[in-house]
Amino acid sequence: MGEQPIFSTRAHVFQIDPATKRNWIPASKHALTVSYFYDATRNVYRIISVGGTKAIINSTITPNMTFTKTSQKFGQWADSRANTVYGLGFASEQHLSQFAEKFQEVKEAARLAREKSQDKTELTNPALNITSHQVLPSPIISSNGPGEDKLFRSQSADVEITTEKERLKKMLSEGSVSEVQWEAEFFSLQDNNNKLVAALHEANANVDQWKKQLAAYQEETETLRQRVAELESQGAHDSSSENNKEDLSQTLEELELLIKTKDEEIQMLKSQKCSRWEAEGEREETLQKLQELETRNAELERRLHLSEQTLAETLAEREKMQSEVTKVAEIMDVKIFELSEIRQGLAKLVESN
């Protein structure tokens, strides 16, 4: 109940084949919801994906994890705790980029949370604040055998001797025990110490013997492991048909996913092609209109040329008519002058009569 989703997306979930470590095994036939969760109680981040009633992914994010993009729509990361590799196939490159960016953010948050937790542990646990000169004794760990008890008791005896010496010194300082008793007890302790040293040497000799036995056991184990591998290879021939069937079904599912991805790419290309065809049609229509305009322009230029010729001819005829009118006007002026002289002659005749 303390976990809160901080990011969700949909993707096809895969897991690496634990046998081959090469092929991907699809977790479901359809895309699933993959979410980042934050557990406030434990201060951890997780990636969770649920298919039906089964948790397909339950991966706790650590600062050492890395999300790798292997293609434009596929990414993967390794989970050492779950001992597997998860793969996600997205519908688009944008969804993959968003998931990868969120992975980096959550990974950095997990690193900061771990550092904060470590700092808090060091402050609250004084046993961790050991100075450089305080060296804690490490226990001697041995294989099973009679020497193990001797080694343990030798170390315990050394600690007891040291404690006893400190106690005797304290008693000496207080003056509660006589000097004779101290010397007797000291020699007794020294004798016990010599016995314990001898037992320690004997235990070290037993350790060498145990090492030889361990090497022999390891060699025998390797032989048995090779025998098991041979038996497994023989059993693999018997179940080859079932394995082939599983491989074929897995390959078929991978091909179906690949076909789906290719269909989406084909639809995208078709849409781009349709838009390209529309642009090509508009370009042809524009070229056709341009040709019509050029034809019309040529026709107008031809008509303009004819009009210019007609205008030139009209101007020439006009100039010719003007010259003729000028000539007619000159003739009329002469006639009018002659007519005025005739009138003057008639007037003179009239006056003479």
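These are legends for close-up views of one predicted protein model.

Because the model is predicted, local features need pLDDT of at least 70 and side-chain atom pairs count only at pLDDT 80 or more, while totals for chains, interfaces and linings use all residues. Residues are numbered from 1 along each chain as its sequence is written, and side-chain values use heavy atoms, with hydrogens and water left out.

**Figure 1. The whole chain, strands up front and helices behind in sequence.** The protein chain has eight strands and four helices (DSSP runs numbered from the N terminus: H or I of at least four residues for helices, E of at least two for strands). Read from the N terminus, the order is β-β-β-β-β-β-β-β-α-α-α-α. Of its 353 residues, 19% count as buried (under 20% relative accessible area; exposed is over 50%, partly exposed in between, with a 1.4 Å probe and protein chains only). Take the contacts with a separation of 6 or more: 51% of them join residues 24 or more positions apart (a contact is heavy atoms within 4.5 Å). About 27400 Å² of the chain is exposed, and carbon and sulfur atoms supply 55% of that (Shrake-Rupley areas, 1.4 Å probe).

**Figure 2. Phe67 and Trp77, a tilted ring pair.** The structure holds twelve aromatic pairs (Phe, Tyr and Trp rings, using the six-membered ring of Trp, with centres within 6.5 Å; planes under 30 degrees apart are stacked, over 60 edge-to-face, the rest tilted). In this one, the ring centres sit 6.2 Å apart and the planes meet at 40°, so it goes down as tilted. Phe67 is in the loop between strand E5 (54-60) and strand E6 (68-69), and Trp77 is in strand E7 (residues 74-79), so the pair ties together parts ten residues apart in sequence. Both residues are buried.

**Figure 3. Trp77 again, now with Phe103.** This pair is also tilted, at 6.2 Å centre to centre and 50° between the planes. Since Trp77 belongs to strand E7 and Phe103 to helix H1 (residues 93-124), the pair ties together parts 26 residues apart in sequence. Trp77 has 2% relative accessibility and counts as buried; Phe103 is buried too, at 0%. Zoom out and both rings turn up in one aromatic cluster with Phe7, Tyr36, Phe67, Tyr86, Phe90 and Phe99.

**Figure 4. The largest pocket.** It holds about 520 Å³ of space (a pocket is an open set of points on a 1 Å grid over the protein atoms alone, where a 1.4 Å probe fits, with protein on both sides within 12 Å along at least five of seven lines; lining residues have an atom within 4 Å of a point). Of the 22 lining residues, Lys73, Gly89, Phe90, Leu257 and Thr261 are the closest to the centre. Strand E1 (3-16) and helix H4 (240-352) are the elements giving two or more residues, with H4 supplying the largest share, eight. By class, the lining has ten nonpolar, six polar and six charged residues (Ala, Val, Leu, Ile, Met, Phe, Trp, Tyr, Cys and Pro are nonpolar, Asp, Glu, Lys and Arg charged, the others, Gly among them, polar).

**Figure 5. The second largest pocket.** Here the space is about 210 Å³. Lining residues include His12, Phe14, Pro26, Lys29, Glu253 and Leu257. E1 and H4 are the elements that each give two or more residues, and H4 gives the most, six. The lining splits into four nonpolar, three polar and four charged residues.

Terms used
Points joined across faces, edges and corners; volume = space filled by probe spheres on them.
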